[in-house]
Amino acid sequence: MAESATAAEPTKRTRISAVSAWESLFRAQVAVMRTLAAEFPTRDISFNEYDVLFNLSRQPNRELRLRDLNKHVLLTQPSVSRLVDRLVARGLVAKCPEPSDARGTVIRLTDTGYDMFRRVAVDHMKTITDRVGGRLTPEELETLAVLCDKLRDAS
């Protein structure tokens, strides 16, 4: 009997640690996102619109299939579609047919959209640096990035 209790202990401890780590990560993310949204440097685009422009700016040819864009942003598919339509109407992105799949759509960052992204990114980066970089050492920031990438890659 004693062996069963001992063998179960690491599992229980791991569960408790995992839940505690998740709660800390989630609450930190919510607090940081609220601050970044409140201090977003422009009214020209929304925080979510910026997220779409940011994700497109990091892709080859600054374009991404709509279904893949959905995986990168924190919105539901219908919300992303409506947001993309607003960005298209403003000339910040273009919708193009997917060359290899007539049913698919590619979203491409226009030059105007890229200029908007870069202008906003400079000020937004300052806020991120103050709110995140100002609270952690360079070593802690590197560790945080590695750990978050590890969690994301496991999903």
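1. Arg62 has a relative accessibility of 26%, so this residue counts as partly exposed; the class covers values between the 20% limit for buried and the 50% limit for exposed. The model is a predicted one. Arg62 lies in the loop between α2 and β1. Its phi is near 50°, a positive value in a residue other than glycine.

2. Asn61 belongs to the loop between α2 (47–57) and β1 (63–65). With a relative accessibility of 64%, Asn61 counts as exposed, because the limit for that class is over 50%. Phi of Asn61 is near 60°, again a positive value in a residue other than glycine. For background, most residues other than glycine have a negative phi. A reader checking the backbone may want to look at Asn61 and Arg62 for this reason.

3. The largest nonpolar core holds 23 residues. Within this core, the residues with the most contacts are Ile45, Leu53, Leu69 and Val93. At least two core residues come from each of α2, α3 (66–72), α4 (77–89), β3 (101–109) and α5. Helix α5 supplies the largest share, five residues. As a general tendency, nonpolar side chains in soluble globular proteins are buried together.

4. Which residues does Ile45 touch, leaving aside those up to four places away in sequence? The contacts are Phe40, Tyr50, Leu53, Arg90, Leu92, Met116 and Val120. Among them, Leu53 is also listed with Ile45 as one of the core residues with the most contacts. Met116 and Val120, two further contacts of Ile45, are buried residues of α5.

5. Helix α5 spans residues 111–133 and bends by about 30° at Ala121. Ala121 is itself one of the buried residues of this helix. The others are Gly113, Tyr114, Met116, Phe117, Val120, His124 and Thr127. Each of these has under 20% relative accessible area, because that is the limit for buried.

6. On the surface, Trp22, Leu25, Phe26 and Leu151 make a nonpolar patch of about 400 Å². Helix α1 (residues 2–38) gives the most to this patch, with three residues. Leu25 is in helix α1.

7. Is Leu25 buried or exposed, or does it fall in between? Its relative accessibility is 31%, so Leu25 counts as partly exposed. Patch residues need over 30% relative accessible area, and Leu25, at 31%, therefore passes that cut-off.

Conventions. Residues numbered from 1 in each chain as written. Predicted model: local features only at pLDDT ≥ 70, side-chain atom pairs only at ≥ 80, totals over all residues. Heavy atoms only, no water. Bend = angle between axes of the 7 residues up to and from the residue. Helix = DSSP H or I, 4+ residues; strand = E, 2+ residues; numbered from the N terminus. Buried < 20%, exposed > 50% of the residue type's maximum accessible area, 1.4 Å probe, protein only. Core = buried A, V, L, I, M, F, W, Y, C linked by side-chain atoms within 4.5 Å. Contact = heavy atoms within 4.5 Å. Patch = residues over 30% accessible without salt bridge, like charges linked within 9 Å, V, L, I, M, F, W, Y side chains within 5 Å. Areas by Shrake-Rupley, 256 points an atom, 1.4 Å probe, with all protein chains shown as cover. Salt bridge = Lys/Arg side-chain N within 4 Å of Asp/Glu carboxyl O.
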